[in-house]
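Visitor: I'd like to learn how to read a fold like this one, feature by feature. Could you walk me through it?

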Amino acid sequence: MRTLRVVNETRGRDLGERIWLADRWWPRLRGLIGRRLDTGQGLVLVPCKAVHMHGMKQALDVAFVDGPGAVVAVYPDLPPGRRTRIHKPARKAIELPPGTLAQTGTQVGDLLSCRPSEEDR
């Protein structure tokens with residue numbers, strides 16, 4: 001699976017440098033079920049307007065991003081068994097270890113960029 005580096009351009013902070021890209025049906029279906037995330041890791045789901053946490057063992061931070069890269073919704077520390085609302089303007093969801101959004105100051109309106117990580121260059 002390809003990996004990305006996700007940067008909050010508004011705040012000048014990295015959200016992660018080993019973010020897996022799930023842009024096909026199987027990686028999107030599997031998501032992060034059965035995986036634990038370390039700092040700097042995560043998953044970008046494309047396309048995605050909502051996520052569920054069924055089958056998850058750890059909470060996640062989730063940010064929904066529109067086509068140009070603006071954050072349209074954030075869910076810090078979303079616990080297992082929960083789900084988000086549907087966000088119509090969203091084009092992708094970025095799932096991160098809990099605390100990442102707070103540590104980076106990421107909030108609605110911030111501009112995020114996704115580019116190939118160092119290991120994929």
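Visitor: Let's start with Leu29: in which element is it placed?
Guide: Helices (H or I, at least four residues) and strands (E, at least two) are DSSP runs, numbered from the N terminus. Leu29 sits in helix 1, and so does Trp26, that helix covering residues 25-30. Before we go on: this is a predicted model, where local features need pLDDT of at least 70, side-chain atom pairs count only at pLDDT 80 or more, and totals for chains, interfaces and linings use all residues. Residues are numbered from 1 along each chain as its sequence is written, and side-chain values use heavy atoms, with hydrogens and water left out.

Visitor: Is Leu29 buried or exposed?
Guide: Buried means under 20% relative accessible area, exposed over 50%, partly exposed in between (1.4 Å probe, protein chains only). Leu29 has 57% relative accessibility, so it counts as exposed. Its C-alpha atom is separated by 9.6 Å from that of Leu45, 16 residues apart along the chain.

Visitor: Which residues make the nonpolar surface patch?
Guide: Patches are made of residues with over 30% relative accessible area and no salt bridge; like charges are joined within 9 Å, nonpolar side chains (Val, Leu, Ile, Met, Phe, Trp, Tyr) within 5 Å. Accessible areas come from the Shrake-Rupley method with a 1.4 Å probe, and for residues only the protein chains shown count as cover. Here Trp25, Trp26 and Leu29 make a patch of about 440 Å².

Visitor: Now the sheet. In what order do the strands come?
Guide: Strands of a sheet pair through backbone hydrogen bonds, either parallel or antiparallel. Two strands count as paired if DSSP finds at least two bridges between them. In this model seven strands form an open sheet, ordered 5-4-6-3-2-1-7, with mixed pairing. Strand 5 (71-78) and strand 7 (112-116) are at the edges with a single partner strand each, so one side of each has no neighbour in the sheet. From one strand to the next, the twist averages 25° (axes are lines fitted to C-alpha atoms, for helices over the stretch in contact, and angles run from 0 to 180 degrees between N-to-C directions).

Visitor: How many bridges join strand 1 to strand 2?
Guide: Five, between residues 3-8 and residues 13-22, and the two strands run antiparallel. For one pairing to look up, take Val7, whose bridge partner in strand 2 is Asp14.

Visitor: And which residues touch the most other members in the largest nonpolar core?
Guide: A nonpolar core is a set of buried Ala, Val, Leu, Ile, Met, Phe, Trp, Tyr and Cys residues joined through side-chain atoms within 4.5 Å. The largest has 18 residues, and those touching the most other members are Leu32, Leu45, Val51, Leu60, Val62, Phe64 and Ala93. At least two residues of this core come from each of strand 2, strand 3 (41-45), strand 4 (60-65) and strand 5. A second, separate core has 13 residues, among them Leu21, Val65, Val71 and Leu96.

Visitor: How many salt bridges are there?
Guide: The rule asks for a side-chain nitrogen of Lys or Arg within 4 Å of a carboxyl oxygen of Asp or Glu, and the count is four. One of them pairs Arg115 with Glu9, their closest N and O atoms 2.7 Å apart. Arg115 is in strand 7 and Glu9 in the loop between strand 1 and strand 2, so this pair ties together parts 106 residues apart in sequence.
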